[in-house]
Amino acid sequence: MPAPPDRELVAALAGLATEARRPEHAAIDLLPTLELARLMNAEDRTVADAVAARLPEIAAAVDAIADRMARGGRLLYAGAGTAGRLGVLDASECPPTFGTDPGQVIGVLAGGPAAMTAAVEDAEDDRRAAVADLDALRLTAADALVGISASGRTPYALAAVEHARALGALTVGLANNPGSALAAAAEHGIEVVTGPELLSGSTRLKAGTAQKLVLNMVSTLTMVRLGKTYGNLMVDVRATNEKLRARARRITALATDAELPDVDAALDATGGRVKDAVLLLLAGVDAPAAAALLARHGGRLRDALREALDGSPGI
């Protein structure tokens, strides 16, 4: 027979906004499905406002992360359950979208890869595993780590942030409750307070949606700061399938206003690399010169174009 839950833990959870029960929702199982859908949609609409209230903290964290990554550091996410899976999801989308190396943005999930598709609920309590997982990745002071936890007290996420900060890494604590231990433990605390869930305690709902929105911001805005975009175009997209090859072609055409035959020729000459192709089309350089320009400017297309065009305005 399992041991009864710790009384202090029960009391702590009872005090969390994300665990609270909304009395007005006590009979939702009796509602027609359309009314239920409307109710849930109304709850979801509050999430964007909760994120908006924390934009200054998010922006500060993005600038700090971008600074670390510009100097060669990595971005790591650490969490358990839904929070950890969202970190893995965000990290896995960075290579195809922004051309990052697989080891530049990493999601660390309590319970390991198996926990992506099957619940390993007790893994969230394992503080030692968090430390071991980060040590296995050789986390250093050059890196940045975002700990994610709806409650703001998940032992795995909290231990990850504490260990990372002890090593000198930049730390961010993303939680969904005010006054959280996770935000307090990190250099940058971001508390997106989403309140009680439609289903009491089901933090994969509003809290999870808020986490996804914030992680979208963290990775996307960091990559913008690192020069991974040109305006709002994904010029570092990695064209590894037919859809992405078509997208690379369209992005190159939008960036240059060139005719499609010229776009195709430029992409062919540069091995499908959009930034290089844009330089061929707008600056008239060849592929080796384009690569050299981008290397000289840390991959920043706008700066490479400015040099190639000798400071032409509007670039």
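The following exercises, each with a worked solution, concern the predicted model shown above.

Residues are numbered from 1 along each chain as its sequence is written, and side-chain values use heavy atoms, with hydrogens and water left out. In this predicted model, local features need pLDDT of at least 70 and side-chain atom pairs count only at pLDDT 80 or more, while totals for chains, interfaces and linings use all residues.

**Exercise 1. The nonpolar cores**

Task: Identify the residues with the most contacts inside the largest nonpolar core, and state which helix gives the largest share of this core.

Solution.

Step 1. A nonpolar core is a set of buried Ala, Val, Leu, Ile, Met, Phe, Trp, Tyr and Cys residues joined through side-chain atoms within 4.5 Å. Buried means under 20% relative accessible area, exposed over 50%, and partly exposed in between (1.4 Å probe, protein chains only).

Step 2. The largest core has 32 residues, and those with the most contacts inside it are Ile65, Leu75, Tyr77, Val105, Val146, Leu174 and Val192.

Step 3. At least two residues of this core come from each of several elements, including helix 2 (33-52), strand 1 (75-79), strand 4 (170-175) and helix 8 (206-225). Helices (H or I, at least four residues) and strands (E, at least two) are DSSP runs, numbered from the N terminus. Helix 3 provides the largest share, seven residues.

Step 4. Val237, Ala255, Leu267 and Val274 are among the 23 residues of a second, separate core.

Step 5. In soluble globular proteins, nonpolar side chains tend to be buried together.

**Exercise 2. Salt bridges**

Task: Determine where the partners of the salt bridge between lysine 206 and glutamate 43 lie, and whether they are buried or exposed.

Solution.

Step 1. A salt bridge is a side-chain nitrogen of Lys or Arg within 4 Å of a carboxyl oxygen of Asp or Glu. The structure holds 14 of them.

Step 2. Between lysine 206 and glutamate 43, the N to O distance is 2.9 Å. Lysine 206 belongs to helix 8 and glutamate 43 to helix 2, so that the pair, 163 residues apart, links distant parts of the chain.

Step 3. Both lysine 206 and glutamate 43 are buried.

Step 4. For comparison, take arginine 127 and glutamate 162, whose closest N and O atoms are 2.5 Å apart. This pair joins helix 5 (residues 127-136) to helix 6 (residues 155-166). Arginine 127 is partly exposed at 37% relative accessible area, and glutamate 162 is partly exposed at 33%.

Step 5. A further salt bridge joins aspartate 303 and arginine 306 (2.9 Å, N to O). These two residues are separated by about one helical turn, because they stand three residues apart in helix 13 (residues 301-308). Salt bridges that share partners join Arg22, Glu24, Glu43 and Lys206 into one network.

**Exercise 3. The setting of helix 6**

Task: Establish why helix 6 is described as largely enclosed, and name the elements against which its buried residues pack.

Solution.

Step 1. Helix 6 has twelve residues and reaches 16 Å from its first C-alpha to its last. This is close to the 16 Å expected at 1.5 Å a residue, where the expected span is 1.5 Å times one less than the number of residues.

Step 2. Nine of the twelve residues are buried, so helix 6 is largely enclosed by the rest of the structure. Among them are Tyr156, Leu158, Val161 and His163.

Step 3. The buried residues pack against strand 1, strand 2 (105-109), helix 5, strand 3, strand 4 and helix 7 (181-185). Contact here means heavy atoms within 4.5 Å.

Step 4. Just after helix 6, glycine 168 takes a positive phi of about 95°.

**Exercise 4. Two loop residues with positive phi**

Task: Locate arginine 138 and aspartate 257, and state whether each is buried or exposed.

Solution.

Step 1. Arginine 138 lies in the loop between helix 5 and strand 3. Its phi is near 55°, a positive value in a residue other than glycine.

Step 2. Arginine 138 is exposed, with a relative accessible area of 70%.

Step 3. Aspartate 257 is in the loop between helix 9 (242-256) and helix 10 (260-269), and its phi is near 60°.

Step 4. At 69% relative accessibility, aspartate 257 is exposed.
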